[in-house]
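Q: Can you walk me through this one? I'd like to go over the sheet, then the odd backbone spots, then whatever else is there.

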Amino acid sequence: MQDIQDQGSTNEYNPQAVESAAQQYWNARGAYEVTEDPSRPKFYCLAMLPYPSGALHMGHVRNYTIADVISRYQRMNGKNVLQPMGWDAFGLPAENAAIKNNTAPAKWTYKNIDHMRDQLKSLGYAIDWSREFATCRPDYYRWEQLMFTRLMKKGLAYRKNAVVNWDPVDQTVLANEQVIDGRGWRSGALVEKREILQWFLKITDYAQELLDGLDTLPGWPDAVKTMQRNWIGRSEGLEIHFAVENEAEPLTVFTTRPDTLMGVTFVSIAGEHPLALKAAKNNPKLAAFLDELKHGGVSEAELETQEKRGMDTGLFAIHPISGEKVPVWVANFVLMGYGTGAVMAVPGHDERDFEFAHKYQLPIKQVIAVAGVDPDYDPQHWKDWYSDKSRPDMRVVNSGELDGKSYREAFEFLAKKLEADNRGLRRVNWRLRDWGVSRQRYWGCPIPVIYCPKCEAVPVPEDQLPVVLPEDVAFSGVQSPIKADPAWRKTTCPQCGGAAERETDTFDTFMESSWYYARYTSPGANGQVDERANYWLPVDQYIGGIEHAILHLLYFRFYHKLMRDAGMVKSDEPATNLLCQGMVIAETFYRENTDGSKDWINPADVDIQRDEKARVIGAVLKSDGKPVQIGGIEKMSKSKNNGVDPQTMVDKFGADTVRLFSMFAAPPEQSLEWSEAGVEGMARFLRRFWREVITHVGQPDHPEVDPAALDAAQKTLRRQLHETIQKVSDDFGRRHAFNTAIAALMELLNALGKFTDQSDQGRAVRHEALESMVLLLNPVVPHVSHALWQALGHAQRVLDDQPWPQADAKALVRDSLTLAVQVNGKLRGTIEVAANASKEEAEALARAHPSVAAFLEGQAIRKVIVVPGKIVNIVAG
Ligand SMILES: [Zn+2]
């Protein structure tokens, strides 16, 4: 046995000493720095990179511990594992902090990175720190600038005037998804509508591929794929042209339900529709209404719930089949950016149109019926028929030559008829919009474009990249310092050499997080990536929160395809498997002020009383001993002051205990409830495990395990060990059920505690069990395992290079088996049979079982089925 005093350890478990010794050993050897090795299978394990907000929170610890357990497990299974880390360093919070504290965003960001890197290191993650980068560095973002200028040349990046969500507090444009209930996601300010020139990436060119690609990702959660499918929103329909009275140009609508065409009683258009603008010229009332719509500002999310409002334009459209005149209305729920900005209104079978028609006294006409349902007017029923177009008994009615047709028949009939004389066209429509990447804030990657009065928007030439964002800046108000600096803006046109100005908008920070995974594979590459990317990509396991299901994960897939089409990577998708971990939640406590407001109190400052089911039944503030109110369990957040600082926990219990708790307390996809009592339980387990090993190695030497010489109790313990190896391997590798793996290891430790056999073979079996446990626990508690591996007599090494234990098939064999006995399909008893018993012996034992025998009395046995190792089924009667 090696003297572990050198390791700063004593016979008692001392987490600080153990962790610092292990980390020093790993760092001195660059234990987690990897290079490409074609002789070994690679495994790229990636957790979503953190935003350097200031300090790690428990959500980070959970995310990175899951990644670390998977990484270490895969390396022990012989894979060449890459686990990198970096910083998603651009973004609004740095700027807001800068404005508040009068420091440059860069300084604030780099300080946070330094602090959070130390915190991550104290948790002992097996990260290749040599690949670390911050996305706010010019040597990172220059490559996305280069990509953007090439996309401009390909027509995949373009500029257009667009109505945007304007956040009046943050002074910036927000993406639709950054608008929550009509308010800015960070500022909480009511969002306004504005029209400005924006840069867009043409993600819609990839809509079909992004949709189809989801079918090639069996390793992604169905929930994420469903959200992406809905977001991409492919719908098949017809574009139908309605002639407009006294107008040369027809009005084009898109509909997914042409079967209801004969139910059209009016047409609704967006406020920005050219026809609406034209009609408003001679109609001051309409002009005022359009103006109101423009400044009212609603997000897409609000469209469904807001009050339906509209105004008659005075124009009439001509129904393409009946030739009837139907009025054209402006409606606040029709958006110019969606479809054609005009919809045919079928109030008989559409909820929004129904509400609108009802309000403005417009006609409602039934054109869909369902067999066996009262045909009397009933908007509730009509709505159901409309939405469920797959109902086999649904038929078109009151529609002339469409009568009696199903949805599909009516669709095909009209498509042929309207296409024949250019009055309509089959079309696939997408909900997905192009990705607006312009942001009016300072702390982001400068968009590499120069505006020239003669040449217009010119991409910055490649040899002039990067366009560097100045870091040493002072803010006055929220205005971007580069917008306020004429010297920075001023430049010459790369085409004509005349005076020109730089773009002062910066990229959406989703740009940087769309390709960072690829950059990790090619540190220092002279280009976005180099050939090393094709060794490591795609990412084998990606891990992050479900809140990124749509935006980040869609942009990440899109950017990967852009890189593929630029010849940089060969794969079609960036990540093969995706795990979305659940939230970290905790109890909340508060005291109410006299004005009804609440002061939220951190759980660390409270003594909690629990009932026997561990439910919180009371709490007092530690400082004054007086009660506080219990606010319920919520996601850890600043607003509820229920966050637990990981650093405090690491300092108090050690990193291994914190890691163990975060993996044991819940399956990874579910919410994890923080409980200090639970953490203490983990610390007790590690102390017991430590003592068990130290006590064992203090015993005299013992021989190797001799399976033939084992007694029943020794065999039973050894079988439990090998069953545990099997279970932990499957739980870590395939199921990602880390919690049940740890539970099985706890049971094994309990069994070891009861196993007091001090014979030679008894000690040999215990040694095998302890050594295996050290290896099985290594992915979760690598520092403890590092120390105990040496305690068990091995030379110090990077334990991740020790092969993962393999279950011994012979040890798994049971001497006897328990079989269920059924009579006519009902369980009547169980029997113990020798593991090598024949079918006849099993049948004889089953028939002799007292309660089975009693049941069979007086009945003829017709058939006996024996499933070895499982069941004896007797058919009698
Ligand atoms: Zn020019």
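Q: Before we start, what kind of model is this, and in which sense do S34 and strand S35 pair?
A: The model is predicted. S34 and S35, the latter covering residues 871-876, pair in the antiparallel sense over six bridges.

Q: Which residue in S35 is the bridge partner of lysine 863?
A: Valine 875 is the bridge partner of lysine 863.

Q: What's the strand order in the open sheet?
A: The order is S33-S32-S35-S34, four strands in an open sheet with mixed pairing. Strand S33 (826-834) and strand S34 (861-867) are the edge strands, each pairing on one side only. From one strand to the next, the twist averages 20°.

Q: OK, backbone. What is phi at asparagine 824?
A: Phi of asparagine 824 is positive, about 50°, although the residue is not a glycine. Most residues other than glycine have a negative phi.

Q: And where does asparagine 824 sit?
A: Asparagine 824 is in the loop between strand S32 (816-823) and S33. With a relative accessible area of 40%, asparagine 824 is partly exposed.

Q: What about glutamine 361, where is that and what is its phi?
A: Glutamine 361 lies in the loop between helix H11 (351-360) and strand S14 (368-370). Its phi is near 55°, again a positive value in a residue other than glycine.

Q: Does glutamine 361 count as buried or exposed?
A: Exposed, because its relative accessibility is 70% and the cut-off for exposed is over 50%.

Q: Now peptide bonds. Which kind joins leucine 465 and proline 466?
A: A cis peptide bond, with omega about 0°. Proline 466 lies in the loop between strand S20 (456-459) and helix H14 (486-489).

Q: And which kind joins leucine 537 and proline 538?
A: Leucine 537 and proline 538 are also joined by a cis peptide bond, with omega about 0°. Proline 538 is placed in the loop between helix H16 (533-536) and strand S24 (539-545). Most peptide bonds are trans.

Q: Switching to helices. How many residues does H23 have, and what does it span?
A: Helix H23 (residues 760-777) has 18 residues. From its first C-alpha to its last it reaches 26 Å, close to the 26 Å expected at 1.5 Å a residue.

Q: How many residues of H23 are buried?
A: 17 of the 18 are buried, so H23 is largely enclosed by the rest of the structure.

Q: Where is valine 224 found?
A: Valine 224 is in helix H7 (residues 222-232). Its relative accessibility is 0%, so valine 224 counts as buried.

Q: How far is the C-alpha of valine 224 from that of histidine 548?
A: The two C-alpha atoms are separated by 9.0 Å, with the residues 324 apart along the chain.

Q: Last topic, cavities. How many of 30 Å³ or more are there?
A: The structure holds three of them. The largest has a volume of about 60 Å³.

Q: Which residues line the largest cavity?
A: Tyr32, Val34, Ser71, Arg72, Arg75, Val81, Gln83, Ala126 and Asp800. The lining divides into four nonpolar, two polar and three charged residues.

Q: Which helix gives the most to that lining?
A: Helix H2 (residues 58-76), with three residues.

Notes:
Residues numbered from 1 in each chain as written. Predicted model: local features only at pLDDT ≥ 70, side-chain atom pairs only at ≥ 80, totals over all residues. Heavy atoms only, no water. 1 Å grid on protein atoms, 1.4 Å probe; cavity = no way out; pocket = protein on both sides within 12 Å on 5 of 7 lines; lining within 4 Å. Points joined across faces, edges and corners; volume = space filled by probe spheres on them. Helix = DSSP H or I, 4+ residues; strand = E, 2+ residues; numbered from the N terminus. Nonpolar A, V, L, I, M, F, W, Y, C, P; charged D, E, K, R; others polar. Expected span 1.5 Å × (residues − 1). Buried < 20%, exposed > 50% of the residue type's maximum accessible area, 1.4 Å probe, protein only. Pairing = 2+ DSSP bridges. Axes fitted to C-alpha atoms, helices over the stretch in contact; angles between N-to-C directions.
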